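Me: Please explain how the descriptive terms applied to this model are justified. I should like each value set against its definition.

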Amino acid sequence: MSVTTEPPAARDHAPAGKPNRLFKNLSAKIASIPMIITALIVFVGGTAWTVVYSFTDSKLLPRANFVDLDQYERLWGTRRWMISIENLAIYGICSMILTLIIGFTLAALLDRKIRFENTFRTIFLYPFALSFIVTGLTWQWILNPDFGIQNVVRNWGWESFAFNPLNDPNTVIYGILIAGIWQGSGLIMCIMLAGLRGIDEDIWKAARVDGIGTVKTYLRIILPMMRPVVITSLVLIASGIIKLYDLVVAQTNGGPGIASEVPAKYVIDYMFRAQNLGQGFAASTMMLVSVIIILIPWAYLEFGGRKNG
């Protein structure tokens, strides 16, 4: 009579381990529950609530009296909103291009291992440590024609010099743009510099052996290799563009007239000053759409391109 026994290896690999997957990292899963609930209730729930009530005629308090697309028709028929969209487009395009170029240029210069690199890096990054209100007030003083750049240049002898962008409706958005680029370029510089420091030194040596110039090396070799860094920088710049508010309030408060209005200020004014929640919700919903328009290309480039590759 023979007795068969299960080999030890078979016993070790029994299905008993499968239930343990549920309890793997159990403490981390439990700790993440409050964050998940907060995200679902506060962010997702709040966003859905805003979109739903944008179709109502809510005034001081929300009320479920639906008026279809009336709020959106009124929104896109308002001159103030159209000026806000135009200003955001001008600011956004210029800010995205110039901040990226300036940030990468500064990073490339610092990557050449110049003297006092740490000092320059601190100086360039320091504006990002300031709040937008402080930055706006500082540049409001610098661009003031009575005691700013215009006054200084005229005191040097060039009495016909004129530089007063914040008081001209045609140039006020560019005055705000100057402050925005000054504050944001330092962060992009640091991100780009971190990406440049991650490039293998052998690539530079190979480029020099092949006789490729420095500028062409950056444009044709280094930048394509830094694609994830560039995409991250663009997303950060775009997020700052969408929520542009503090700089405008600090520098011009939307003036002269309504020449420097932006969507975020339109939303705040209608929700808390004009006490027209329905109109404010409609405007904030359109801002949400703009964020989605930004996120879709980023998600495709970040995940779709990687999957196809």
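Reply: Helices (H or I, at least four residues) and strands (E, at least two) are DSSP runs, numbered from the N terminus. Q183 is found in one such helix, α8 (residues 172–197). This is a predicted model, in which local features need pLDDT of at least 70, side-chain atom pairs count only at pLDDT 80 or more, and totals for chains, interfaces and linings use all residues. Residues are numbered from 1 along each chain as its sequence is written, and side-chain values use heavy atoms, with hydrogens and water left out.

Me: Why is Q183 called buried?

Reply: Buried means under 20% relative accessible area, exposed over 50%, and partly exposed in between (1.4 Å probe, protein chains only). Q183 has a relative accessible area of 2%, and is therefore buried.

Me: What makes the approach of Q183 to the backbone oxygen of L130 a polar contact?

Reply: A polar contact is a pair of N or O atoms within 3.5 Å; within protein, one must be able to donate a hydrogen and the other to accept it, and residues adjacent in sequence count only if both atoms are side-chain atoms. The side chain of Q183 reaches the backbone oxygen of L130 at 2.5 Å, and a polar atom of that side chain lies 3.2 Å from the backbone oxygen of P127.

Me: Why is α4 called roughly antiparallel to α11?

Reply: The axes of α4 (residues 79–110) and α11 (residues 227–242) come within 10 Å and cross at roughly 150°. Axes are lines fitted to C-alpha atoms, for helices over the stretch in contact, and angles run from 0 to 180 degrees between N-to-C directions. Angles under 35 degrees count as roughly parallel, over 145 as roughly antiparallel, 65 to 115 as roughly perpendicular and the rest as oblique. The crossing angle therefore makes α4 roughly antiparallel to α11.
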